Amino acid sequence: MHVEPNDGEALCSWLARLGQRLGLRPVDTALQAFGIESRHRPEWWRRPSSAEVAILARRTGLATERIEAMTLTAWAHDRSDERHERFGARGFQSQRARSATVRPTPQCSACLSADETPFIRLEWMIGWVAVCRKHLTHLTANCPGCGAALNLPGLSLWRPVVIGRCTSTRCERQMDDSHAAPALAVVSDIQARLLRLKHDGAGPLPGIGWVTWATLVGLVDLVLSALWRSRARHPRERLFRRIVIDNGLDPEQRLQIDWPSNYGTLLVLAWLFAEWPGRMTEAMELVRAPSLPELVGFVGKVGGAPDGQLVKLLAGSVPDRPPIEVEWRRWLDSLPETADMLRERSWREFRQGASERLRALADLRAGMDVATVARRSKLRTTTVERWLETGMEYGLDALISEQMHLSVLDPDQRAVISDWLESVSRFSKGPNAWCAEHAQHEIAIRFGILLTPSAAHSLYRRSLPPR
Ligand SMILES: [Zn+2]
Ligand SMILES: [Zn+2]
């Protein structure tokens with residue numbers, strides 16, 4: 001029995017096709033056909049031993065080079081960069097080197113539906129790859145039919161797999177190209193450059209110069225750690241706006257791009273590298289990043305100490321920022337309202353929330369520190385910090401204006417805002433999501449109505465299609 005490997009096919013895909021022809025489960029295929037045990041090594045195919053390559057070549061009559069071309073043996077890898085969504089916010093935050101029995105594998109539905117026999121490309125198995133270079137589309141991560149994550153089982157799987165179909169046993173929908181979303185050419189270009197760098201282990205990057213793959217992955221981690229700190233959740237929107245505008249897109253596109261994904265990060269990297277190091281400095285200023293040593297420390301904590309070249313590369317391009325307290329102070333000092341004026345306003349204010357905030361702001365404006373203000377008002381420090389960050393980003397009014405409940409909206413207003421929210425794809429779950437407070441302030445900017453966060457959120461829930 002001979003199964004011919006396709007150009008660019010991953011070894012696991014070829015084994016899965018071979019197993020299918022032989023009527024074997026993935027876990028049995030390599031064992032029965034080649035005597036290679038997969039049960040405890042579901043991802044051995046990525047970097048097989050030379051003995052394993054030799055067996056595969058001998059038993060199939062394929063040249064060693066053709067077997068090796070289906071693996072990542074020749075490719076550099078560092079900081080487990082091949083893991084799923086590794087350049088996304090979540091992949092960065094939960095790095096693990098362990099191999100996976102079943103691994104989410106975004107796929108190009110256009111490629112699959114054009115294949116004579118559908119097969120998985122080696123590139124798709126590199127967990128930060130986001131677009132199909134050939135079709136210039138996003139890889140599809142979820143089945144358009146049932147929404148289940150598409151995945152390719154590791155070689156330890158006990159049930160058979162069919163490539164090109166949804167892996168959910170209740171769905172098994174065939175992939176077609178009708179759902180492929182277009183991707184930006186800059187993302188495809190930077191992805192191609194990074195793939196070459198990963199393949200070669202080191203090489204030139206425009207603007208940056210000669211870097212190793214290890215340095216590059218460290219750099220990605222450093223950028224991610226600055227972007228996805230919880231404290232950057234409002235400031236990072238300014239960076240995203242800037243990137244969207246510099247790419248010649250409609251500013252509203254900021255709300256459509258899935259920034260916490262691989263795709264979002266590749267877009268950020270493309271923008272950074274286009275004018276390095278100036279844009280790195282600008283980006284770090286926009287997101288109010290901590291100092292370089294702090295960022296390096298954080299990157300080290302998540303994925304191990306970064307490569308030595310990285311700090312040299314970044315010296316001077318990550319601005320030394322004053323501590324956040326200094327920025328709060330600057331904002332407070334810039335307010336036209338003095339501490340006395342704020343306090344007086346708090347006395348006249350009959351709304352409990354606004355009065356409380358005004359009182360806290362008056363104390364802060366008078367020079368008291370956050371911890372003391374929080375203690376005196378029996379608030380959590382983080383609450384006061386959030387107020388300050390909202391104030392810095394959206395102004396004093398955003399903090400003390402009356403927040404409207406849903407009941408004050410007339411049906412037309414509700415419909416317009418709901419429609420708008422429905423057109424924004426940035427809401428999601430988890431720590432990196434665009435949250436109700438984002439929606440609240442974006443609605444205020446567009447519609448001039450400051451809703452309570454929960455009102456903003458419930459308008460969004462309303463706009464979800466019924467399940
Ligand atoms: Zn494709
Ligand atoms: Zn499905």
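Helices (H or I, at least four residues) and strands (E, at least two) are DSSP runs, numbered from the N terminus. This is a predicted model, in which local features need pLDDT of at least 70 and side-chain atom pairs count only at pLDDT 80 or more, while totals for chains, interfaces and linings use all residues. Residues are numbered from 1 along each chain as its sequence is written, and chains are lettered from A, with ligands numbered from 1, in the order in which they are written.

Begin with the whole protein, whose C-alpha atoms fill a box of roughly 85 × 55 × 40 Å along the principal axes, and whose secondary structure comes to 22 helices and six strands. Of its 467 residues, 40% are buried (20 or more other C-beta atoms, placed from the backbone, within 10 Å of the residue's own).

Next, colour residues 1-183, 197-314, 324-400 and 406-463, which are domains 1, 2, 3 and 4 in that order; the bounds come from an automatic or database domain assignment. The C-alpha centres of domain 3 and domain 4 lie 25 Å apart.

Now select residues 185-200, helix α7, whose 16 residues should span 22 Å at 1.5 Å a residue (1.5 Å times one less than the number of residues), and whose end C-alpha atoms, 23 Å apart, agree with that. Show the side chains of V187, S188, I190, Q191, L194, L197 and K198, which are buried in α7. Then add β2 (131-132), β5 (202-205), α8 (213-227) and α10 (262-274), which are among the elements covering those buried residues. Finish at G201, which follows α7 and has a positive phi, near 90°.

Technical notes:
Buried ≥ 20, exposed ≤ 12 C-beta atoms within 10 Å, placed from the backbone. Contact = placed C-beta atoms within 7 Å.
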